[in-house]
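Work through the exercises below with the model open. Each task is followed by its solution.

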Amino acid sequence: MVASEPINGLSVDVEDWFQVGAFEKVIDRESWGVLDDRVARNCDEVLGLFAEAGVKGTFFILGWVAERHPELMRRIVADGHEIASHGWDHQRVFRLGAEGFARDIERARKTIEDASGAAVTGYRAPSFSIDGRTPWAFEVLAEQGYSYSSSVAPVAHDHYGWRDAPRFAFRPLSGCDLVEIPVTTARFAHRRLAAGGGGFFRVLPYGFSRWAIRQVNLRDQRPAVFYFHPWEIDPNQPRVTAAPMRSRLRHYTRLDAMAGKLRRLLREFRWGRMDQLAVREATRVMERAA
């Protein structure tokens, strides 16, 4: 870790094992309330990892989770981390429509703020589902007073992605202060590679993520944006045998290695909250436009 390197954005998408997009066709939302709720214990382990490394980050929370775990919300805030919104119940933005999206983020924000006692200024779309199909989403976020979004994955992927979006922070609306901070991608042989965390970090060798973040920090001179989920450090979570093989491989591979890889990553690079990164990136965008 070098003090002159950028401070990267550290984020946790807080959803439980049964709420992930990969299982949405085999686990009905109506059954969520009776399933093994593991999100609080897993978040507590994440808080411990962050405390051990002396880093602060941002927790993008589902409103559904905040409603059921207000004490967890308060622990996150008390430890000095940012609380932000991940929507209500992990529905992709392009399936909600503009009016449904507005209701979803308004409900989630109020619930998260009531549970945590902290203001919510940031948003991340479930499954990075703000893309070319949702030109109205940024307008809705701006209307509701959000300062930043980190909802775009500027890659081509079978599950998500907006391939033609900018790789780094940008202002999606003319005359508006809202800033979008895409999740990190790396460049290799004129291609963009997803390199912002999640399953790519968990499944691929650690060296790939180290190479990608170093490329962004040193060659591009920009901060990386990294994310993961609490369930990714929980190898004892229930198995969803009805899910397709591909989904199960993505979800369960190397769960037992994740905590160790996170410890290494947190030691090797500089990390901070997404709201603080948003302030720095908004200034950079403004100076570039001047």
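Two strands count as paired if DSSP finds at least two bridges between them. The model is predicted.

**Exercise 1.** Determine in which sense β1 and β2 pair, and over how many bridges.

Solution. Locate the strands: β1 spans residues 8-14, and β2 spans residues 58-61. Next, count bridges. There are four, and the sense is parallel. Now check one position: Ile61 in β2 sits opposite Val14. Finally, trace the connection. Helix α1 (residues 39-53) joins β1 and β2 in a right-handed β-α-β unit.

**Exercise 2.** Find how β2 pairs with β3, and name the partner of Thr58 in β3.

Solution. Take β3 as residues 82-85. Its pairing with β2 is parallel, over four bridges. Thr58 has Glu82 as its bridge partner in β3.

**Exercise 3.** Sort the buried residues of β2 by face.

Solution. Start from the rule: in a regular strand, side chains alternate between the two faces of the sheet. Apply the split. Thr58 and Phe60 lie on one side. Phe59 and Ile61 lie on the other. These four residues are buried, so both faces of β2 are covered.

**Exercise 4.** Is Ser11 buried or exposed, and which backbone oxygen lies 2.7 Å from a polar atom of its side chain?

Solution. Place Ser11 in β1. Its relative accessible area is 0%; buried means under 20%, so Ser11 is buried. The oxygen belongs to the backbone of Phe226. Then list contacts beyond four places in sequence: Thr58, Phe60, Arg124, Phe226, Tyr227, Phe228 and Met274. Among them, Thr58 and Phe60 share one side of β2.

Terms used
Residues numbered from 1 in each chain as written. Predicted model: local features only at pLDDT ≥ 70, side-chain atom pairs only at ≥ 80, totals over all residues. Heavy atoms only, no water. Helix = DSSP H or I, 4+ residues; strand = E, 2+ residues; numbered from the N terminus. Buried < 20%, exposed > 50% of the residue type's maximum accessible area, 1.4 Å probe, protein only. Polar contact = N/O pair within 3.5 Å; in protein donor to acceptor, adjacent residues only side chain to side chain. Contact = heavy atoms within 4.5 Å. Right-handed = clockwise from strand over helix to strand, strands pointing away.
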